[in-house]
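Work through the three exercises below with the structure open. Each task is followed by its solution in steps.

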Amino acid sequence: MSDDKCAEKCVAPAPTKPIEEPLPNRVPRVHMPDRSQLDPHPRELESLLPEGHIARIVWGFVIGRDLSALYAQIKAFEGSEGRTAIAPEVLLALWLYATLDNVGSAREVVRLTEESDAYRWICGGVSVNYHTLADFRSQSGETLSELLTQSLASLMSAGVTDLESVAQDGIRVRASAGAASFRRKGKLEELLEVAHKRVQELKQELHDDPAASVRRKQAARLRAVREKEAHIEAALARLPELAEIKRRQGKKLEEARASTTDADATVMKMGDGGFRPAYNIQFSSDTKSMAITGVDVVTTGSDMAQMAPMVEQVDTRCGRAPNNWLVDGGYPAHDQIDAVADRTRVIAPVPKPKAKAKDSKAVADIQTTPALIPQIPDDRYRRKSTDSPAVGDWRERMNTDEARELYKKRAATAECINAQARNRGLQQLPVRGLPKVKAVALLFALAHNLMVILRQAPKLLGIGTGMSAMPAMVA
């Protein structure tokens, strides 16, 4: 036998692969959530927020305020019938924190009381509804104004605010009313007649139908129609004021229009050049501390007549008027300067005189020939024969270096206040009607002053004085 054939016989056969027996079906073992069980790690509400959280600061500020006026409105007493009222501290703290949190909707605040630890901590187990929150904000304007006064008194007593100079400026905020809700007199009268007729029909239906459930639905419809009727009547009542504005603008009186949903809203020219329904919210603020010293809401787009009322408000609120009042060129009408001359010094730019028609050629020559500019004297700072003593003093004052340096503080103060209000959500108003809008503006001012106190006088909030809930503020 050859060697090759011997080698073939000696090679071991290849091993065969064992046949795998089928395995039984295997089910993976995992942990699935069982949401029917109780939470094994319950936490007390006090542990929800870290020390120094802004919600704690807001609560510390609120409990230090005098809220006796709000307590006087509560009708539920110990030993008497009726549902227990929500403590005013809870409602005020919710709105202040919501303002700082850029939340302006009552429904949104209620949602956050169920989902956000900060809002839950403020509530402390107290259940709130959006009707109560909305009513509190709308009906607490006087109390909010008094709380603003209290905050200013605290800042003045601490030496933070000195009222040496106060700057005033307006911010036009988009109204809740839509542009399509504005109607002229003829259309408003037609809508009012339709609303009157509908009210009478619903009254008769409510009287004739004995079914209780149907009566409730009809009563709700009747309330809605009555509200619409009241809004149209308010719009008609405001038309003469709007017509007078049109007359001063040289336009036809028939062009005056009022909103059927918010009669107080006025179409104003906004910062982007467009025209939309808005309110003119006026803030005055101390240039040293940046604290807001006065709040007002007007329904005209012009700032021309707003200086004297604000000076009066700050004088009443703070016990004295500031030494200097800083405003831009839209405020210093001569009658306004005369009205405040015995209280403060007006620091505002003197407008350049307008060129008369006969001087148009000279103006054109100046624009084309710069060499002629020094030959035309700028006499706007000279006292005129028609000026009152206060107006003449204002002209001469604004030609001094001291006044120019003071005026530089206006933009650094007023424009900053307006920007912070915008950042906190003052872009479009969530309410309708002048009283409600003013309550919103006061909430912004109160929240702003709270932050001023926190930064510049934290001891007024009890921070650093041993209160366990409010140690040194975290950055």
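Two strands count as paired if DSSP finds at least two bridges between them. The model is predicted.

**Exercise 1. Which strands pair with β1, and in which sense does each run?**

Step 1. Locate strand β1 at residues 165-174.
Step 2. Take strand β7, residues 324-326. Three bridges join β7 to β1, and the two run parallel. As a check, A167 has L326 of β7 as its bridge partner.
Step 3. Turn to strand β5, residues 275-286. Nine bridges link β5 with β1, in the antiparallel sense. Here G170 is partnered by Q282 of β5.
Step 4. Add the cover: nine of the ten residues of β1 are buried, that is, under 20% relative accessible area.

**Exercise 2. Classify the packing of helix α2 against helix α16 as parallel or perpendicular.**

Step 1. Find α2 at residues 54-63 and α16 at residues 434-456.
Step 2. Read the geometry: the angle is about 105°, and the axes lie 11 Å apart.
Step 3. Angles of 65 to 115 degrees count as roughly perpendicular, so α2 is roughly perpendicular to α16.
Step 4. List the contact. α2 supplies I54, I57, V58 and F61; α16 supplies L446, L450, M451, I453 and L454.
Step 5. Sort these residues by character: nine are nonpolar, none polar and none charged.

**Exercise 3. Describe the protein overall: how many helices and strands, and what percentage of residues is buried?**

Step 1. Count the elements: 16 helices and eight strands.
Step 2. Of the 475 residues, 40% are buried.
Step 3. Consider the surface. About 27,600 Å² is exposed, with 53% of it from carbon and sulfur atoms.

Methods
Residues numbered from 1 in each chain as written. Predicted model: local features only at pLDDT ≥ 70, side-chain atom pairs only at ≥ 80, totals over all residues. Heavy atoms only, no water. Axes fitted to C-alpha atoms, helices over the stretch in contact; angles between N-to-C directions. Helix = DSSP H or I, 4+ residues; strand = E, 2+ residues; numbered from the N terminus. Parallel < 35°, antiparallel > 145°, perpendicular 65-115°, else oblique. Contact = heavy atoms within 4.5 Å. Nonpolar A, V, L, I, M, F, W, Y, C, P; charged D, E, K, R; others polar. Buried < 20%, exposed > 50% of the residue type's maximum accessible area, 1.4 Å probe, protein only. Areas by Shrake-Rupley, 256 points an atom, 1.4 Å probe, with all protein chains shown as cover.
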